[in-house]
Structures are given as structure tokens and as C-alpha cells.
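Please open the model in a viewer and keep the sequence panel beside it. The tour below proceeds selection by selection, with a note on what is found at each stop.

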Amino acid sequence: HGPDGTNYPNEMTITAVVPNERIELDLVGGKEGAEPVYMHKTMTWQDEGGGTRLTLRNEFGSRELRDENVRTYGSVQGARDLFDRLAKVLAAKGATV
């Protein structure tokens with residue numbers, strides 16, 4: 001659910017799991033009643049300087065579909081917000097962020 005109460009139904013299918021390295025999934029979702037959005041997500045973890053680097057990559061069928069997702073859903077800012085919230089959770093647990 002969005003902050004304004006809008007529903008964003010999503011269906012995810014995990015396509016690959018490599019322990020301690022990578023998770024991949026296919027996602028179909030978007031705003032309820034709108035044309036569905038399709039993307040492939042890859043999340044990777046890498047040891048780096050005594051910590052862990054988390055990388056999130058979203059792949060769309062075309063540049064136009066990616067740009068539309070950014071305009072319609074604010075996905076770049078949404079990812080920044082997600083990582084900000086994650087950093088706060090980790091900091092509260094004593095992790096260096």
C-alpha cells in the first residue's frame with residue numbers, strides 16, 4: 001500500500017538464489033487497475049572493506065518502460081527511501097552504515 005492508501009498488488013517469482021551472493025526474481029505489479037509493470041530484479045551482496053555492499057538492480061523490457069516506471073511510481077526516490085530505512089534499522093542494531 002502507498003502512503004495515500006493506493007493498492008499496488010505485486011506478484012514475485014524467485015528465479016535464482018545463490019546463498020550469500022545473489023537473489024533474482026521476476027516481478028509483475030503496479031498500481032491497482034493500471035497496466036501491469038514487468039521487471040527482473042537482482043539483489044547482490046559483496047564483502048567490501050569490513051562490511052557488505054548491497055546492490056539492487058531492476059531490469060525492464062526497454063528504456064521507455066524503465067523511464068515510465070520512474071515517472072509513474074517514483075522508483076528512484078523509492079529506492080533511496082528504502083535504503084535510508086534499511087540504514088536506520090541497521091544503525092539501530094549497532095551496524096556501521
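## The strands

Begin by selecting Ile14 together with Leu25 in S2, its bridge partner. The model under inspection is a predicted one. Widen the selection to strand S1 (10–18) and strand S2 (22–29). These two strands run antiparallel and are joined by 8 bridges. They form a hairpin with 3 residues between them. Within that turn, select Asn20, whose phi is positive, at about 60 degrees.

Proceed from S2 to S3, again an antiparallel pair, joined by 8 bridges. A suitable pair to display here is Asp26 and His40, since His40 in S3 stands opposite Asp26.

Next, select residues 37–48 for strand S3 and residues 51–59 for strand S4. The two run antiparallel, with 9 bridges between them. Display Thr44 and then Thr55, its bridge partner in S4. The hairpin of S3 and S4 has 2 residues between the strands, and Gly49 adopts a positive phi near 50 degrees there.

## The loop at Glu21

Which loop holds Glu21? Glu21 belongs to the loop between S1 and S2. Select this residue and show its surroundings. Residues up to four places away in sequence being set aside, Glu21 touches Met43, Thr44 and Trp45. Thr44, already seen as the bridge partner of Thr55, is 23 residues from Glu21 along the chain, yet their C-alpha atoms are separated by 5.5 Å.

Now show the side chains of Glu21 and Arg22, which make a polar contact at 3.4 Å. Is Glu21 buried, partly exposed or exposed? Glu21 counts as partly exposed because its relative accessible area is 40%, a value between the limits of 20% and 50%.

## The segment before S1

Move towards the start of the chain and select Thr6, which is placed in the segment before S1. Why does Thr6 count as buried? Its relative accessibility is 17%, and Thr6 therefore falls in the buried class, for which the value must be under 20%.

Add Asp4 to the selection: its side chain makes a polar contact with the side chain of Thr6, at 2.8 Å. Then add His1 and Lys31, which Thr6 touches when residues up to four places away in sequence are not counted.

## The helices

Select residues 63–73, which make up helix H1, and pick out Val70 within this helix. What does Val70 contact beyond its neighbours within four places in sequence? The residues in contact are Ser75 and Val76. Val70 is partly exposed, with a relative accessible area of 31%.

For a distance across the model, draw a line from the C-alpha of Val70 to that of Asn20, the turn residue visited earlier. Val70 and Asn20 are 50 residues apart in sequence and 29 Å apart in space.

Continue to helix H2 by selecting residues 75–92, and highlight Phe83 inside this helix. With residues up to four places away in sequence left out, Phe83 touches Leu54 and Leu56. Both of these lie within the residue range of S4, 51–59. The C-alpha atoms of Phe83 and Leu54, 29 residues apart along the chain, are separated by 9.5 Å. Phe83 is partly exposed, its relative accessible area being 31%.

## The whole chain

Finally, clear the selection and view the protein chain in full. How many helices and strands does the protein chain have? There are 2 helices and 4 strands, and along the sequence they follow the pattern β-β-β-β-α-α. Taken along the principal axes, the C-alpha atoms fill a box of roughly 45 × 30 × 20 Å.

Colour the chain by accessibility: of its 97 residues, 14% count as buried. A surface representation corresponds to an accessible surface of about 7500 Å², and carbon and sulfur atoms hold 51% of that area. Among the contacts with a separation of 6 or more, 15% are between residues 24 or more positions apart.

As a last display, colour the charged residues. The protein chain carries 12 positive and 15 negative charges, and the mean positions of the two sets are 6 Å apart.

Conventions:
Residues numbered from 1 in each chain as written. Predicted model: local features only at pLDDT ≥ 70, side-chain atom pairs only at ≥ 80, totals over all residues. Heavy atoms only, no water. Pairing = 2+ DSSP bridges. Buried < 20%, exposed > 50% of the residue type's maximum accessible area, 1.4 Å probe, protein only. Contact = heavy atoms within 4.5 Å. Areas by Shrake-Rupley, 256 points an atom, 1.4 Å probe, with all protein chains shown as cover. Lys, Arg positive; Asp, Glu negative; His and termini not counted. Charge placed at Lys NZ, Arg CZ, Asp CG, Glu CD. Polar contact = N/O pair within 3.5 Å; in protein donor to acceptor, adjacent residues only side chain to side chain.
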